[in-house]
Amino acid sequence: MPVGDLLPELCLLLGAVAIVLTSSFLPQQRLGWMALLALLAIACSASAALMQWDTPARLTFSGVWALDGPAIAAKLIMLAAGAVVVALSPGWLATDRRHGEFYALLLFALLGVIMLASASDTMELVVGMLLSSAASYPLAAFHRSFAPALEAGMKYFLVGALTNTLLCIGVVWLFGLTGSTGYPAIAVRLAQGVDELALLTATGCIVVGLSFKLAAFPAHAWMPDVAQASPAPAAAFLTVVPKVGAAIALARFLALLPAPHHPTLLIALLAAATMTLGNLAALWQKDVRRLLGWSAVAQSGFALMAIAAMPTSPDARTSLLLFLATYAIANLAAFAVVIELRGRTALEDFSGLARAAPGPALVLILAMLSLVGIPPLIGFFGKFMLYRSTLQGGLGWLAVIAALNSAVSLFYYLRVAGTIVFGQPDGAVHRLGGASPALVWLSGALLLAGGLAVELLVDALQGVGSFAG
Amino acid sequence: MILTAAIGLPLAGALTLAAIPRWREAAARRFATAVALLSLLCLVLAWRRFTPDGALFQLVEEVPWVPGLGMAWRLGVDGIALAVASMSALVFAASILYPADTRHRAAPYYAWMLFLQGVSLGVFLALDLLLFYVFFDLSLVGMFFLIGRWGHGQSQRSALKFFLYTFCGSLLMLLAFIGLYLSVTPHSFDMRVLIAEQPMVGSAIPAGLVFLGLMIGLAIKTPLVPFHTWLPQAHVDAPAPASAILAGVLLKMGTFGMLRIPFAMMRETFAAYAWVIALVAVISILYGASLALGQHNLKRRIAYTSINHMGYTVLGIAVAGALLSGNEAARQLALVGATVEMVAHGLITGSLFLICGSFWQRTGEYEMAQFGGLAKPAPLLTGFSVLAAFASLGLPGLAGFVAEFHVFAGTFSVYPWLAVIGIFGILITAALFLLTLQQLFFGALPEKWSGLPDLGGREKLVLGVLAAAFVVIGIAPQFLLTVIEASAGWLVDPR
């Protein structure tokens with residue numbers, strides 16, 4: 001068994017287990033140390049993943065596990081995002097009695113979504129989905145005594161249970177069609193021709209199953225609640241990380257389907273529906289975290305554009321990864337500000353923040369402008385690559401819808417920016433302190449510097465290659 | 001380096017103003033004015049180095065930025081860009097020096113002004129499509145905060161409308177840019193390559209759609225009827241120096257973009273649709289002038305005359321691109337006229353909006369019916385207003401006349417009927433400016449304005465310099481025409 005190929009995942013697993021065991025013996029005040037342990041596990045995992053970066057794409061573990069550019073790049077993005085969330089957590093959870101377990105759950109969830117991105121076997125896909133889901137539900141409802149958090153967790157769980165079942169049905173159906181769970185064997189069998197309606201059903205079930213993690217239409221309903229009511233670090237995690245894993249998993253799965261069966265139109269319609277729905281719902285939100293949740297839904301629609309263009313555009317994979325990376329930075333920056341402001345969330349409470357807390361206000365505005373795609377912030381290049389791939393893939397109509405959606409999204413981001421800059425400050429601003437101010441500044445700097453030095457990212461991702469198998 | 005300096009100095013100045021706390025109002029203003037003038041000086045030096053007989057683009061600077069995407073920091077000027085950019089820098093320096101109510105937040109106000117100057121010059125000096133887009137979008141951000149924070153009335157609403165409306169256009173433009181970019185191999189955003197290759201001829205991506213995207217985006221910015229509805233509101237609620245910049249500089253990005261991108265890069269498509277553009281331009285001329293005539297608010301009236309004047313520019317551009325060959329002299333005439341109109345409108349309307357600012361500072365009032373007989377208490381204010389209004393309506397000897405004469409002379413030999421109809425626009429403008437002057441400065445003086453103070457020192461200086469500029473262009477335009485004609489000739493008849 002080539003255990004070395006799983007080194008990044010093993011690091012996370014060992015870290016999570018160590019955290020669970022250690023935190024059961026530590027006094028509550030010391031539980032913050034577990035964050036360091038989690039960071040250590042993530043750092044080991046990331047360096048192991050970096051060592052895999054330049055190796056040629058291949059399948060390992062009897063062909064169920066992909067080691068290729070997209071998987072490793074997604075892994076690195078998710079690990080980096082996970083590290084940011086871990087660093088943001090200690091201040092937020094300092095008084096929580098079960099502080100330590102939070103990090104174990106984060107690592108398990110991270111492990112699950114990494115499995116999603118690397119799975120080259122439908123069973124593996126299901127395991128990844130279930131692991132990440134099972135670890136994410138308690139993350140969402142971690143504040144047990146806070147009713148909205150419980151509601152968010154419950155909603156997350158119900159939507160998840162339904163879509164996980166659909167995913168299983170799809171996987172079983174596909175197994176019935178092709179007699180196999182491994183991606184290479186499925187691809188071979190599909191190329192020989194199968195019943196179209198049955199294939200469409202299976203594909204539909206799997207797409208809906210994955211759309212849950214992606215927070216895309218039709219399984220998006222949990223996202224705004226989780227963003228609004230979960231502990232802010234968990235919300236930061238759940239709005240960013242599962243999306244990356246699920247997007248790669250979806251792209252990898254759809255790449256199996258032979259060209260005539262590729263559901264380009266279906267994915268394109270889902271993309272259009274997701275971004276339009278997310279943006280329209282975000283328009284008049286009076287709660288900034290809920291607004292960020294709806295905007296996260298809308299951004300999933302953008303990610304789906306690249307997946308729709310995948311069969312016809314050679315660099316759609318690069319676009320997808322670049323977009324996900326830029327989205328992760330911007331969304332984490334926004335949530336870092338929310339955390340630094342102790343979860344301040346009602347829009348009117350942001351009034352005049354530019355004067356009361358200029359640093360976080362600036363970073364929040366930069367993050368939002370980056371999410372819209374205003375150059376030269378890094379988000380612009382993500383959006384630019386998406387437009388480029390979509391136009392190259394011959395989906396001009398989708399690009400136009402996306403452009404109009406960008407303009408709509410500008411409206412609600414500017415409502416927040418306008419409140420922050422033009423409003424009158426009201427009362428003192430309570431800050432969290434600890435590591436979060438540093439992370440606010442770091443992510444703000446990344447938004448700008450990443451845009452100016454985007455060549456590094458483009459260069460790294462352009463050689464990402466195709467899916468193994 | 002000289003062009004990078006022209007853009008970089010104001011940006012660095014903006015950063016300085018934002019980074020150092022506790023600027024005193026006067027110090028911030030002096031610093032910002034000095035930086036703006038330095039940037040203008042860079043362009044004057046560029047002007048001296050520019051040789052009209054040389055290549056189309058000169059003083060080219062190129063530094064790779066994102067080579068993986070074919071994007072680079074590419075700057076360069078032709079005569080048209082040089083003229084428009086220099087005018088812009090002058091209008092910026094004037095607007096920064098002009099008295100304004102900064103509401104005790106002088107440093108951020110001047111920082112945004114300088115930021116806006118840097119990115120606006122970037123739009124005119126960029127030789128890279130994506131860089132052009134970057135600056136174009138950033139100018140919206142700068143203007144949004146200036147209007148929203150220092151405007152009056154429903155300023156936040158107006159700022160939002162302005163940003164959203166123009167951002168819609170700029171996104172359509174971005175898609176069209178990507179279309180252009182994808183149709184050259186290797187993919188590049190280099191404007192020189194795109195102009196030389198005329199990539200949309202026989203391309204797989206429909207040229208008509210790319211052209212439509214570009215033109216709608218630029219028409220919103222210009223603005224052409226029916227995309228003009230954001231303009232009056234933004235103008236009325238903006239602080240006066242920001243209005244001067246909005247009209248004087250930001251609107252030019254639309255027409256300049258038309259000239260630089262669809263006109264130069266898609267000659268065939270442009271020629272095919274030139275008549276549509278010319279028709280829309282004439283409608284803008286007449287409709288803008290008529291709307292202006294119907295306004296009772298001074299600033300709103302001047303705002304609408306901008307639609308009329310930008311119509312002349314677009315008409316000139318449409319005429320110049322109407323044919324692929326033949327009738328070169330007339331088309332060149334029209335193109336020169338369009339460019340001079342951009343410069344003239346920037347200077348004249350800039351002055352008019354600054355004068356509006358003087359009204360607001362003294363009275364807090366834009367309703368024309370509230371005024372009358374101001375010639376007695378404020379003779380200098382009257383003098384400068386009369387001069388600017390006459391220049392705007394196209395009185396011979398002033399800059400507006402040179403521009404409109406060229407445009408209509410060119411139009412007569414390509415679209416004679418449109419020229420005849422368009423001339424009525426000038427008539428209406430003349431009427432509305434004369435009525436405005438009569439209402440404001442002559443007749444009975446209301447009691448409350450009898451002690452109205454006349455122009456102060458800085459106001460005199462700024463208005464004097466702007467007036468001198470449009471008088472000189474009116475009397476001895478040759479220095480401007482030589483620079484523009486070289487590039488216009490090249491664009492009308494590429495050799």
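User: Leaving aside neighbours within four places in sequence, which residues is A:Gly209 in contact with?

Analyst: Those are A:Met129, A:Thr163 and A:Leu167, where contact means heavy atoms within 4.5 Å. A:Thr163 sits 46 residues from A:Gly209 in sequence, yet their C-alpha atoms are 4.7 Å apart in space. Bear in mind that this is a predicted model, where local features need pLDDT of at least 70, side-chain atom pairs count only at pLDDT 80 or more, and totals for chains, interfaces and linings use all residues. Residues are numbered from 1 along each chain as its sequence is written, chains are lettered from A and ligands numbered from 1 in the order written, and side-chain values use heavy atoms, leaving out hydrogens and water.

User: Why is A:Gly209 called buried?

Analyst: Buried means under 20% relative accessible area, exposed over 50%, and partly exposed in between (1.4 Å probe, protein chains only). A:Gly209 has 0% relative accessibility, so A:Gly209 counts as buried.

User: And what makes B:Val420 partly exposed?

Analyst: Its relative accessibility is 36%, so B:Val420 falls between the two cut-offs.

User: How do you know that the radius of gyration of chain A agrees with a compact globule?

Analyst: The radius is taken over C-alpha atoms, and the globule rule is 2.2 Å times the number of residues to the power 0.38. For 469 residues that gives a value near 23 Å; chain A has 21 Å, so the two agree.

User: How much of chain A is buried?

Analyst: Buried residues make up 65% of its 469 residues.
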